[in-house]
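Visitor: I would like a close look at a single part of this structure, taken slowly and with its surroundings. Could you guide me through the sheet, strand by strand, and then turn to what lies outside it?

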Amino acid sequence: MATPPSTRPSIVMSRLDYDRIEALIESANERGIDTSALEAEITRADVVEPTQMPGDVISMNSTARFLDENSGEERELTLVYPRDATGEPGRVSILAPVGSALLGLRVGQSIDWPMPGNRHINLRVLSIQYQPEAAGELHR
């Protein structure tokens with residue numbers, strides 16, 4: 001059973017990511033895309049300025065390694081906006097369930113997240129290979 005939102009780990013987002021994702025949600029909703037899970041996540045996020053973003057948190061355009069605790073499979077993905085989810089391996093859109101689940105998690109945190117077909121996935125962040133804020137870069 002998926003973790004209820006009230007017991008999910010705390011998450012952190014940069015103000016820049018928050019503002020851009022909020023606009024993306026509005027646009028997606030106008031096109032009939034269900035963004036309710038992502039909306040719930042950003043609503044509960046601790047929003048900080050990009051310069052205050054901890055280096056161990058997954059932000060937009062971060063590359064992170066995580067474990068699917070259900071299958072035991074380790075994966076590495078870069079969290080991107082839909083326009084950058086070009087189908088190449090290793091990129092996941094923020095609008096995809098796995099993308100929404102990873103946003104704002106710290107290294108070591110786990111989250112149980114609903115997936116299509118009444119399934120769920122339990123993800124644990126193992127490491128962050130790249131984070132734009134830690135690298136001193138602004139998001140595109």
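Guide: What follows is a walk through the sheet, then its turns and loops, and at the end a pair of helices. The model is a predicted one, and the description should be read with that in mind.

The sheet is open and is formed by five strands in the order β5-β4-β3-β7-β6, with mixed pairing. At its edges stand β5, residues 91–93, and β6, each of which has a single partner strand, so one side of each is left without a neighbour in the sheet. From one strand to the next the twist averages 45 degrees. As background, the strands of a sheet pair through backbone hydrogen bonds, and they do so either parallel or antiparallel.

A good place to begin is strand β3, which covers residues 63–68 and is mostly covered itself, five of its six residues being buried. In the order of the sheet, β3 stands between β4 and β7, and each of these pairings can be described in turn. With strand β4, residues 73–80, β3 pairs in the antiparallel sense over six bridges, and within this pairing T63 has T78 of β4 as its bridge partner. The two strands also form a hairpin with four residues between them, where G72 takes a positive phi near 80 degrees.

On its other side, β3 pairs with strand β7, residues 119–130, again in the antiparallel sense and over six bridges. Several residues let one follow this register along the strands: R65 has S127 of β7 as its bridge partner, F66 is matched with V125 of β7, and D68 stands opposite L123 in β7.

Strand β7 in turn leads to the edge strand β6, for six bridges join β6 to β7 and the two run antiparallel. One of the bridge pairs here is formed by W113 and its partner I121 in β7. Also in β6, which spans residues 110–115, is D112, and this residue counts as buried because its relative accessibility is 9%, under the cut-off of 20%. The C-alpha atoms of D112 and N122 are 4.2 Å apart in space, although the two residues are ten residues apart in sequence.

The turn between these strands deserves its own remark, since β6 and β7 form a hairpin with three residues between them, and G117 in the turn has a positive phi of about 75 degrees. N118 also lies in the loop between β6 and β7, and its phi, near 60 degrees, is a positive value in a residue other than glycine. Most residues other than glycine have a negative phi. N118 counts as exposed because its relative accessibility is 83%, which is over the cut-off of 50%.

A second case of this kind is N61, whose phi is near 70 degrees, a positive value in a residue other than glycine. N61 is found in the loop between β2, residues 46–48, and β3. Here the relative accessibility is 12%, so N61 counts as buried, whereas N118 counts as exposed.

One more loop residue touches the sheet, namely G108, which lies in the loop between α3, residues 97–102, and β6. Leaving aside residues up to four places away in sequence, G108 touches R124 and V125, and V125 is the residue already met as the bridge partner of F66. G108 and V57 are 51 residues apart in sequence, while their C-alpha atoms are 9.9 Å apart in space.

Outside the sheet, the helices α1 and α2 complete this tour. Two packed helices are described by the angle between their axes and the distance between the axes. For helix α1, residues 15–30, and helix α2, residues 36–44, the axes come within 11 Å and cross at roughly 155 degrees. The two helices are therefore roughly antiparallel to each other, a term used for angles over 145 degrees, and their crossing is left-handed. On the α1 side the contact is made by Y18, I21, E22, I25 and N29, and on the α2 side by L38, E39 and I42. Sorted by class, this contact of α1 with α2 has five nonpolar residues, one polar residue and two charged residues.

Conventions
Residues numbered from 1 in each chain as written. Predicted model: local features only at pLDDT ≥ 70, side-chain atom pairs only at ≥ 80, totals over all residues. Heavy atoms only, no water. Buried < 20%, exposed > 50% of the residue type's maximum accessible area, 1.4 Å probe, protein only. Pairing = 2+ DSSP bridges. Axes fitted to C-alpha atoms, helices over the stretch in contact; angles between N-to-C directions. Parallel < 35°, antiparallel > 145°, perpendicular 65-115°, else oblique. Left-handed = near helix turned anticlockwise from the far one by under 90°. Contact = heavy atoms within 4.5 Å. Nonpolar A, V, L, I, M, F, W, Y, C, P; charged D, E, K, R; others polar.
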